[in-house]
Amino acid sequence: MNRRRHRLCSCTTLAALALAVAGALAASAAADGLPVLGIDVGSKGVAARTDSVRYVTLPAGRETIVARTATHGGRVLGFTRLRGTFTVPAVAYDGSASGLSADGKTLVLIQPRLKFPRARTAFAVLDARHLGLLEGIDLEGDFSFDAISPRGRTLFLIEYLSARDPTRYHVRAYDLPSGHLLAEPVVDPRERGDAMRGSPLTRAASPDGRWAYTLYDGAGRTPFVHALDTSRQQARCIDLAMLAGRRDLWQLRLGVSAGGRSISVGTPTKKLASIDTTDFRVSVPQDTRAADRTGHGGIEIWQIAGAAFLAALLLAGAATLGRRRLRNRPPQASVGAAS
């Protein structure tokens, strides 16, 4: 594992940004760090908790433009150019984005993957307020981004453990001040087994940004919500037996109450379960117990995801023959600011 720090280069102009963005919009998108290719949330970006600003990434040849924009109106507030290809990380297959700390000071980007598995994974850590590059991270092994602590001191990464099964993984913590990947994975002490199993379907966060809640399909077993405490580096796995066998898991979403005391699991029109975040007990609405079996039967979501994964690998392998290999070199940045 190597850790590199880099200085900023000379400034660019807003006109250059406009030209690069125009060219980027015509380019094809690259996938982010998830094991299945084709999911990119860079142009959608990630919003601050205040919802006043949004960070987006756009490819520009061998560089990446990172822009800080106003959520309402889309005015460019600042931008930087990174050498290499990076994107806002997606953390679930519904396109949920992450990478911005709750205090709005740290932004983490990931190098897109061209195949699964990959031998090394690169990240770029930026000062979100001024878009200065703070650090380039180069890890040996295949990782994707999972979460960041509220003050940006700890990154949480998904480490894939099998070259053939992307549903087997560990959650790892990376300490930014020391530049070290902590040796022990972040696990629920109540769970047994050497690895978690499943594909991330959707994500929600607590109002203060401390907790990251992810719905997993369970890889053919019981679906569950992974509750990650990013401040204390602890986790809880909450089984949702009432969802077992549903064929519409990819349509479900998580909702967190205003005070963060409960999590709802369901469709846009129907709540299927509720989780009390004080003790992680699960309750099921009365009408859900009596009926609503329409989502059961058929093909499991993990089977669909697996088929998509294999198809993506075949397409990626064919495309690699004529594609320039992505260079895993340290990012460099030049910063500009909009008037």
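This is a short talk about one pocket and the strands around it, in a predicted model.

Hi everyone, thanks for coming. Please keep in mind throughout that we are looking at a prediction.

Let me start with the second largest pocket, which holds about 520 Å³ of space. It is lined by 28 residues, and the closest to its centre are Ala47, Ala97, Ser98, Leu100 and Ala205. If you like to think in side-chain chemistry, the lining divides into 13 nonpolar, 9 polar and 6 charged residues.

Which strands each supply at least two residues of that lining? They are β3, at 46-47, β10, at 143-148, β15, at 200-205, and β16, at 211-216. I'd like to follow some of these outwards from the pocket.

Take β10 first. Is it enclosed or not? Here 6 of the 6 residues of β10 are buried, meaning under 20% relative accessible area, so the strand is largely enclosed by the rest of the structure. Its partner is β11, residues 154-160, and the two run antiparallel, joined by 5 bridges. If you want a pair to find on screen, look for serine 144, which stands opposite isoleucine 158 in β11. The two strands form a hairpin, with 5 residues between them. In that turn you'll find glycine 152, which has a positive phi of about 75 degrees.

Now over to β15 and β16, our other pair of names from the pocket lining. Both belong to an open sheet of 4 strands, in the order β15-β16-β17-β18, with antiparallel pairing. Why is one side of β15 and of β18 left without a neighbour in the sheet? Because β15 and β18, the latter at 234-239, stand at the edges and each have a single partner strand. From one strand to the next, the twist averages 20 degrees.

Inside that sheet, β16 is joined to β17, residues 224-229, by 6 bridges, and these strands run antiparallel. One pair to click on is threonine 214 with its bridge partner in β17, histidine 226.

Before I stop, one more hairpin. Strand β19, residues 253-256, runs antiparallel to β20, residues 262-266, and 4 bridges join them. Leucine 254 has valine 265 of β20 as its bridge partner. Between these strands lie 5 residues, and glycine 260 in this hairpin takes a positive phi near 75 degrees.

So, to recap: a pocket of about 520 Å³, a buried β10 in its lining, and an open sheet of 4 strands that includes β15 and β16. Thanks for listening, and I'm happy to take questions.

Key
Residues numbered from 1 in each chain as written. Predicted model: local features only at pLDDT ≥ 70, side-chain atom pairs only at ≥ 80, totals over all residues. Heavy atoms only, no water. 1 Å grid on protein atoms, 1.4 Å probe; cavity = no way out; pocket = protein on both sides within 12 Å on 5 of 7 lines; lining within 4 Å. Points joined across faces, edges and corners; volume = space filled by probe spheres on them. Nonpolar A, V, L, I, M, F, W, Y, C, P; charged D, E, K, R; others polar. Buried < 20%, exposed > 50% of the residue type's maximum accessible area, 1.4 Å probe, protein only. Pairing = 2+ DSSP bridges. Axes fitted to C-alpha atoms, helices over the stretch in contact; angles between N-to-C directions.
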